[in-house]
Every structure is written in structure tokens, then in C-alpha cells.
Amino acid sequence: VLYCNGSLAALLARSPHELMGSPLRDQVAPPDRPAFDTAFARSLTGLDKSRLQLRRAAGSLVPVQLSLVPLAAHDHGVRCAVVTDLTDFTRAREEILALNSSLEARVAARTRDLAESEERLRAVLEASATGTFEVDLRTGEAMWNDEEYRLLGQLPGALPSTVENFF
């Protein structure tokens with residue numbers, strides 16, 4: 001690290017002087033060091049962006065996006081690094097995933113409840129010999145159940161399900 005601004009120092013809970021002169025790799029969480037090494041090598045040909053975790057002074061980890069670009073035409077190991085704190089992004093993403101999972105579970109439960117309710121209604125209608133007739137007021141499409149056909153003295157599906165045929 002040749003230069004460190006106050007924002008990076010604050011993010012890592014260190015002073016700029018502690019960071020300057022040390023390898024940036026030393027701040028990378030050990031499991032992410034191979035990814036850092038790969039990003040560093042790829043950045044020789046231009047901008048490279050990677051997501052990894054940096055280690056704060058107390059040892060806690062902070063998710064970041066690390067953008068690296070070489071400062072010279074030839075590789076002298078010098079890169080300009082821009083570190084973007086992804087803590088809020090990561091937290092929001094986790095909250096969205098949890099909410100989505102909860103919503104999917106609620107939809108699945110309600111879908112099961114609806115299917116069970118429809119099955120109970122079908123059984124009651126069948127046992128009571130009750131016909132049903134519905135009309136979609138937007139389209140004018142009519143729908144009859146099989147019992148309605150029988151009550152009208154027809155085989156199910158023998159007539160088109162229309163308002164005119166019902167009356």
C-alpha cells in the first residue's frame with residue numbers, strides 16, 4: 001500500500017500509517033487470498049473487479065468489491081486499488097433472500113390451502129347434486145360444472161357453456 005485514504009483506514013479500523021508500506025494482500029481474509037492473487041494477476045491486462053473479504057484490525061471481516069488496475073504499462077507490481085464496502089449491500093441482499101424465501105413458503109402454504117378448499121367444495125357440490133354456473137363479467141365467458149349439465153338434462157360438455165344455453 002503506497003497510499004491509503006481515511007475511508008479505507010476507517011473501514012479496516014486501522015490508521016493510514018499502519019496500512020501504508022504493507023502488502024494489501026495482508027488485509028485480505030486468508031480464504032480469499034487465492035482469489036486476490038488471481039485478481040491481481042488478471043489486472044495486469046486492465047481493470048479487474050472481484051468480491052472478497054478484508055480483515056479489520058480486530059479480526060472481523062468486511063465484504064468488499066476490489067477494483068484493480070495497473071499504474072504502469074509494464075508489470076512492476078503496482079496497482080491502483082479502489083475498495084468499495086459491500087456491507088450494506090450484503091445485508092440488504094440477505095434480507096431480500098430471507099423475505100423471498102418466506103414469501104415463497106407462504107405462497108406454497110396458501111396454494112395447498114386453496115387446493116384443499118377446492119377439493120372440499122367439489123366434494124360438497126358432488127354430494128349435494130348442486131350445479132354451478134359462473135360468468136366472467138369482463139369477457140362474458142360462462143363456465144358450468146358437470147352437475148349443472150346433468151341438472152339441465154345434458155351430458156357434461158354436450159352444450160357450450162353460454163348464458164343463452166343456461167337460460
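Ala129 is partly exposed, with a relative accessible area of 40%; buried means under 20% relative accessible area, exposed over 50%, and partly exposed in between, for a 1.4 Å probe and protein chains only. The model is predicted, so local features need pLDDT of at least 70 and side-chain atom pairs count only at pLDDT 80 or more, whereas totals for chains, interfaces and linings use all residues. Residues are numbered from 1 along each chain as its sequence is written, and side-chain values use heavy atoms, with hydrogens and water left out. The points below cover helix α4 and the loop after it, the salt bridges, the largest pocket and some single residues.

**Helix α4 and the residue that follows**

- Helix α4 covers residues 87-128; helices (H or I, at least four residues) and strands (E, at least two) are DSSP runs, numbered from the N terminus.
- The 42 residues of α4 should span 62 Å at 1.5 Å a residue, and the end C-alpha atoms are 61 Å apart, which agrees. The expected span of a helix is 1.5 Å times one less than its number of residues.
- Ala109 lies in helix α4 and is partly exposed, at a relative accessible area of 25%.
- Between Ala109 and Pro23 there are 53 Å in space, C-alpha to C-alpha, and the two are 86 residues apart in sequence.
- Ala129 follows α4 and is found in the loop between α4 and β4 (133-135).
- The phi of Ala129 is positive, about 55°, although Ala129 is not a glycine. Most residues other than glycine have a negative phi.

**Salt bridges**

- The count comes to 7 salt bridges, a salt bridge being a side-chain nitrogen of Lys or Arg within 4 Å of a carboxyl oxygen of Asp or Glu.
- One of them joins the side chains of Asp37 and Arg25 (2.7 Å, N to O). Asp37 lies in helix α3 (residues 33-42) and Arg25 in the loop between α2 (16-19) and α3, so this pair ties together parts that are 12 residues apart in sequence.
- Both partners of that bridge are partly exposed: Asp37 has 33% relative accessibility, and Arg25 has a relative accessible area of 31%.
- Within α4, the side chains of Arg122 and Glu119 meet in a salt bridge of 2.4 Å, N to O. The two residues are 3 apart, about one turn of the helix. An α-helix has 3.6 residues a turn, so residues three or four places apart point the same way.
- Arg122 is partly exposed, with a relative accessible area of 41%, and Glu119 is partly exposed, also with 41%. Glu119, Arg122 and Glu126 are joined into one network by salt bridges that share partners.
- A further salt bridge links the side chains of Asp136 and Arg138 (3.5 Å, N to O); Arg138 is exposed, with a relative accessible area of 76%.

**The largest pocket**

- The largest pocket holds about 640 Å³ of space. On a 1 Å grid over the protein atoms alone, a pocket is an open set of points where a 1.4 Å probe fits, with protein on both sides within 12 Å along at least five of seven lines; lining residues have an atom within 4 Å of a point. Grid points are joined across faces, edges and corners, and the volume is the space filled by probe spheres set on the points.
- The lining consists of 23 residues, of which Val1, Tyr3, Leu24, Arg79 and Ala81 lie nearest the centre of the pocket. The elements that give two or more residues to this lining are α1 (6-11), α3 and β3 (79-85).
- β3 gives the most to the lining, with 6 residues.
- By type, the lining divides into 17 nonpolar, 3 polar and 3 charged residues. Ala, Val, Leu, Ile, Met, Phe, Trp, Tyr, Cys and Pro count as nonpolar, Asp, Glu, Lys and Arg as charged, and the others, Gly among them, as polar.

**Single residues: Ser50 and Ala13**

- Ser50 has its place in strand β1 (residues 48-55) and counts as buried, at 10% relative accessibility.
- The side chains of Ser50 and Asp48 are joined by a polar contact of 3.0 Å. A polar contact is a pair of N or O atoms within 3.5 Å; within protein, one must be able to donate a hydrogen and the other to accept it, and residues adjacent in sequence count only if both atoms are side-chain atoms.
- Ala13 is found in the loop between α1 and α2 and counts as partly exposed, at 48% relative accessibility.
- Ala13 is not a glycine, yet its phi is positive, at about 55°.
- Ala13 and Lys49 are 23 Å apart in space, C-alpha to C-alpha, and 36 residues apart in sequence.
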